[in-house]
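Work through these short exercises with the model open beside you. Try each task before reading its solution.

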Amino acid sequence: MRSRYSAFALRNFDYLVKTRHPSQRSLDDLMRLRRNAETLRWTGLRILDTVDGGPHDQTGVVEFVAFCDESGQVGELHERSRFSRDAGRWCYLDAEPTTRHPKPGRRDRCWCGSGLKYRRCHGAG
C-alpha cells in the first residue's frame, strides 16, 4: 500500500498499472490515472488497519486514509483496499469506500505526525 501511495504522490503511473492485478486492468488505466492527477497533490497517508497480507498469505486488506490537496481544497480518501499475490508479487485488486474519516479540527494534532496542531501544520492557509 505504501509503495502505491508513493507512486500516486510521485505520479509514477506505470508502476500503478503494473501493480494492479491483471484481472482488474483495462486499456484506459494509464489515461485515467493521468487525468485524475492533474489537479491533485497527495499530502499524507495513515494506515488504519491490516488483515492478513503476511509472507505466507495470498490475500490481504489494508484500510487507510490518504490526504490530498485538490485545487487548494484539503481532501481525503478513506477505503479498504484488497490485495492478492500474482506470480509472488502483491497486486491491488479493488477497494470498498468506508465512512468518511472526520477532518481534523483546527485544535487537533495534525494527521502527519509532526506533533503540531492541525491549524499550524497542514491546516494553515
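The exercises below go from the overall fold to single residues. Keep in mind that this is a predicted model.

**Exercise 1. Fold**

Task: State how many helices and strands the protein has, and in what pattern they follow along the sequence.

Solution:
- Step 1. Count the elements. The protein has 3 helices and 4 strands.
- Step 2. Read along the sequence. The pattern is α-α-α-β-β-β-β.

**Exercise 2. Surface and contacts**

Task: Find what share of the residues is buried, and describe the exposed area.

Solution:
- Step 1. Take the burial cut-off: under 20% relative accessible area.
- Step 2. Apply it. Of the 125 residues in the protein, 29% are buried.
- Step 3. Turn to the surface. About 8200 Å² is exposed, and carbon and sulfur atoms supply 48% of that area.
- Step 4. Look at contacts between residues at least 6 apart in sequence. Of these, 40% join residues at least 24 apart.

**Exercise 3. Phe8 and its partners**

Task: Place Phe8 and list its contacts beyond four places in sequence.

Solution:
- Step 1. Locate the residue. Phe8 sits in helix α1.
- Step 2. Check its exposure. Phe8 has a relative accessible area of 30%, so it is partly exposed.
- Step 3. Set aside neighbours within four places in sequence. Phe8 then contacts Leu16, Leu33 and Trp42.
- Step 4. Compare sequence and space for Leu40. Phe8 and Leu40 are 32 residues apart in sequence, and their C-alpha atoms are 9.7 Å apart.

**Exercise 4. Positive phi**

Task: Examine phi at Arg11 and Ala87, and say where each residue lies.

Solution:
- Step 1. Recall the general rule. Most residues other than glycine have a negative phi.
- Step 2. Take Arg11. Its phi is positive, about 60°.
- Step 3. Place Arg11. It lies in the loop between α1 (2–10) and α2 (13–18).
- Step 4. Check its exposure. The relative accessible area of Arg11 is 39%, so Arg11 is partly exposed.
- Step 5. Take Ala87. Its phi is also positive, near 55°.
- Step 6. Place Ala87. It lies in the loop between β3 (73–86) and β4.
- Step 7. Check its exposure. At 79% relative accessible area, Ala87 is exposed.

**Exercise 5. A charged patch**

Task: Which residues form a positive surface patch? Is Arg109 buried or exposed?

Solution:
- Step 1. Name the members. Arg107, Arg109, Lys117 and Arg120 form the patch.
- Step 2. Place Arg109. It falls in the segment after β4 (89–97).
- Step 3. Apply the cut-off for exposed residues, over 50%. Arg109 has a relative accessible area of 56%, so it is exposed.

Note on methods
Residues numbered from 1 in each chain as written. Predicted model: local features only at pLDDT ≥ 70, side-chain atom pairs only at ≥ 80, totals over all residues. Heavy atoms only, no water. Patch = residues over 30% accessible without salt bridge, like charges linked within 9 Å, V, L, I, M, F, W, Y side chains within 5 Å. Areas by Shrake-Rupley, 256 points an atom, 1.4 Å probe, with all protein chains shown as cover. Salt bridge = Lys/Arg side-chain N within 4 Å of Asp/Glu carboxyl O. Lys, Arg positive; Asp, Glu negative; His and termini not counted. Charge placed at Lys NZ, Arg CZ, Asp CG, Glu CD. Helix = DSSP H or I, 4+ residues; strand = E, 2+ residues; numbered from the N terminus. Buried < 20%, exposed > 50% of the residue type's maximum accessible area, 1.4 Å probe, protein only. Contact = heavy atoms within 4.5 Å.
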